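Q: I'd like to learn how to read a structure like this one, feature by feature. Could you walk me through it?

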Amino acid sequence: MGVRICPGYRAAGVTPPKLSVPRPTLPNVSTSANAGSPMTTVDVSGATPASDGRGLAGRPLALSPSRAADFKQCPLLYRYRAIDRFAETPTTAQTRGTVVHAALEHLFGMPASLRTRESAELLVEGAWAAMCEERPELAEIIGAADDTKFIADAHKLIATYYTMENPTAFEADAVEEHIEITSGGIRMRGFIDRVDVAPTGEVRVVDYKTGRAPGAAFEAKALFQMKFYALAILRTRGVVPHRLQLMYLSDGQQLVYTPDRDELERFERTLTAIWSAIQAAVATGDFRPQRSRLCSMCEHKARCPEFGGVIPPYPGPPAGSPPAPSPATDPGAA
Ligand code: SF4
């Protein structure tokens with residue numbers, strides 16, 4: 001089957017390579033039939049939404065950096081995303097981020113000498129074409145008229161990437177490494193964009209960000225994610241990563257973190273406390289809304305009491321959920 005180009009995409013004379021886009025950062029898109037006018041929505045779990053807008057039950061719950069951030073921001077938001085799995089609408093920036101991540105992943109599957117900027121731009125176009133073929137509704141989100149700009153903006157991110165490092169000069173040890181482990185009683189899950197191993201054995205973990213580097217007030221969130229990946233590498237590979245690097249492709253900035261084992265073990269106790277609090281909420285269904293300025297970006301206001309909405313009935317713990325921790329073993333209760 002050939003590659004179908006999204007409506008509005010015009011790359012004269014160039015046929016981008018067909019790519020797979022395996023990373024579930026941009027989940028399934030569906031068309032909601034219960035909102036009066038058709039609306040393109042995304043099931044954040046990757047499952048097919050049920051008729052009440054909930055996603056189908058899928059994998060057992062696990063802690064990822066984004067779900068941990070959801071729970072810390074607002075337990076009710078966590079419930080809607082992780083348990084009910086209500087559909088959400090992806091933004092253009094999220095969609096572009098998925099395209100660029102897929103292109104950079106495939107770039108490292110090519111021989112080093114071919115990892116040129118031109119190759120990466122073609123991979124962007126191929127990733128976008130593949131996504132549109134799989135999920136034609138994405139064109140609706142981007143808007144056919146903006147398709148050329150969408151691709152051009154993704155190419156700008158790639159151009160910035162090439163000012164930050166030279167991918168023809170080294171090999172990646174792993175790209176899009178799927179982590180799914182149990183550590184310290186926590187089921188951890190996530191994807192690491194890239195792992196590099198130096199000839200001396202030192203491990204570097206790289207995460208691409210398609211936005212701008214955060215201000216000081218938001219660095220803690222970025223640091224949380226980096227520590228999460230560092231702990232995952234420690235538990236899966238048995239080594240403390242020498243360097244963790246967040247690469248911000250909008251402004252060419254990088255956040256670099258060098259962890260040590262003691263710090264990661266303390267961080268594991270923090271994760272255990274968060275996981276225990278989640279398990280307790282899952283067992284009881286008590287997920288309280290926590291209003292903040294981030295509510296402005298929340299799509300669930302219609303079902304949030306902070307905004308006059310009504311919380312729908314709790315569907316119950318997902319299959320495979322562990323029992324809630326007893327107070328005696330709950331580090332968060334200490
Ligand atoms: S609107 Fe705010 S308080 Fe309500 S669910 Fe969303 S994040 Fe939580």
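A: Sure, and let's start with a bit of vocabulary: Ala, Val, Leu, Ile, Met, Phe, Trp, Tyr, Cys and Pro count as nonpolar, Asp, Glu, Lys and Arg as charged, and the others, Gly among them, as polar. Keep in mind that this is a predicted model.

Q: With those classes in hand, how many nonpolar, polar and charged residues does the shell around the ligand have?
A: The shell splits into 8 nonpolar, 2 polar and 3 charged residues.

Q: And which of the 13 residues around the ligand come nearest?
A: Those are Cys-74, Pro-289, Cys-295, Cys-298 and Cys-304.

Q: Let's go to the sheet. What holds strands together in general?
A: Strands of a sheet pair through backbone hydrogen bonds, and the pairing is either parallel or antiparallel. Here, there is an open sheet of 5 strands, in the order β4-β5-β6-β7-β8, and its pairing is mixed.

Q: Which strands stand at the edges, and why is one side of each left without a neighbour?
A: The edge strands are β4 (174-183) and β8 (254-257); each has a single partner strand, so one side of each has no neighbour in the sheet. As for the twist, it averages 35 degrees from one strand to the next.

Q: In which sense do β6 and β7 pair?
A: Parallel: β6 (residues 203-209) and β7 (residues 243-248) are linked over 6 bridges. To find your place on screen, look for Val-205 opposite Leu-244 in β7, and for Asp-207, whose bridge partner in β7 is Leu-246.

Q: What about β5 and β6, parallel or antiparallel?
A: Strand β5 (residues 186-197) pairs with β6 in the antiparallel sense, over 4 bridges. Val-197 stands opposite Val-203 in β6. The two strands, β5 and β6, form a hairpin with 5 residues between them, and Gly-201 in the turn has a positive phi of about 95 degrees.

Q: How should I read a positive phi?
A: Most residues other than glycine have a negative phi, so a positive one in another residue type is worth a look. Arg-85 is such a case, with phi near 55 degrees. You'll find Arg-85 in the loop between α2 (75-83) and β3 (87-88). Another is Glu-176, with phi near 50 degrees, and Glu-176 is in strand β4.

Q: Why does Arg-85 count as buried, and why does Glu-176 count as partly exposed?
A: You count C-beta atoms within 10 Å, and 20 or more make a residue buried. Arg-85 has 25 others within that distance, so Arg-85 is buried. Glu-176 has 18 C-beta neighbours inside 10 Å, so Glu-176 is partly exposed.

Q: Where is Gly-97 found?
A: Gly-97 is in helix α3 (residues 92-107). With 21 C-beta neighbours inside 10 Å, Gly-97 counts as buried. The C-alpha atoms of Gly-97 and Ala-154 are separated by 8.0 Å, though these residues are 57 apart along the chain.

Q: Last one: which members of the largest nonpolar core touch the most other members?
A: Val-99, Val-100, Ala-103, Val-124, Ala-127 and Tyr-229 do, out of 69 residues. Helix α4 (residues 117-134) gives the largest share of this core, 10 residues. The core also draws at least three residues from each of domain 1 (12-44 + 86-170) and domain 2 (174-266).

Definitions and conventions:
Residues are numbered from 1 along each chain as its sequence is written. This is a predicted model: local features need pLDDT of at least 70, side-chain atom pairs count only at pLDDT 80 or more; totals for chains, interfaces and linings use all residues. A nonpolar core is a set of buried Ala, Val, Leu, Ile, Met, Phe, Trp, Tyr and Cys residues joined through C-beta atoms within 7 Å. A residue is buried if 20 or more other C-beta atoms lie within 10 Å of its own, exposed if 12 or fewer, and partly exposed in between; C-beta atoms are placed from the backbone. Domain bounds come from an automatic or database domain assignment. A residue is near a molecule or strand if its C-beta atom, placed from the backbone, lies within 6 Å of it. Two strands pair if DSSP finds at least two bridges between them. Axes are lines fitted to C-alpha atoms, for helices over the stretch in contact, and angles run from 0 to 180 degrees between N-to-C directions.
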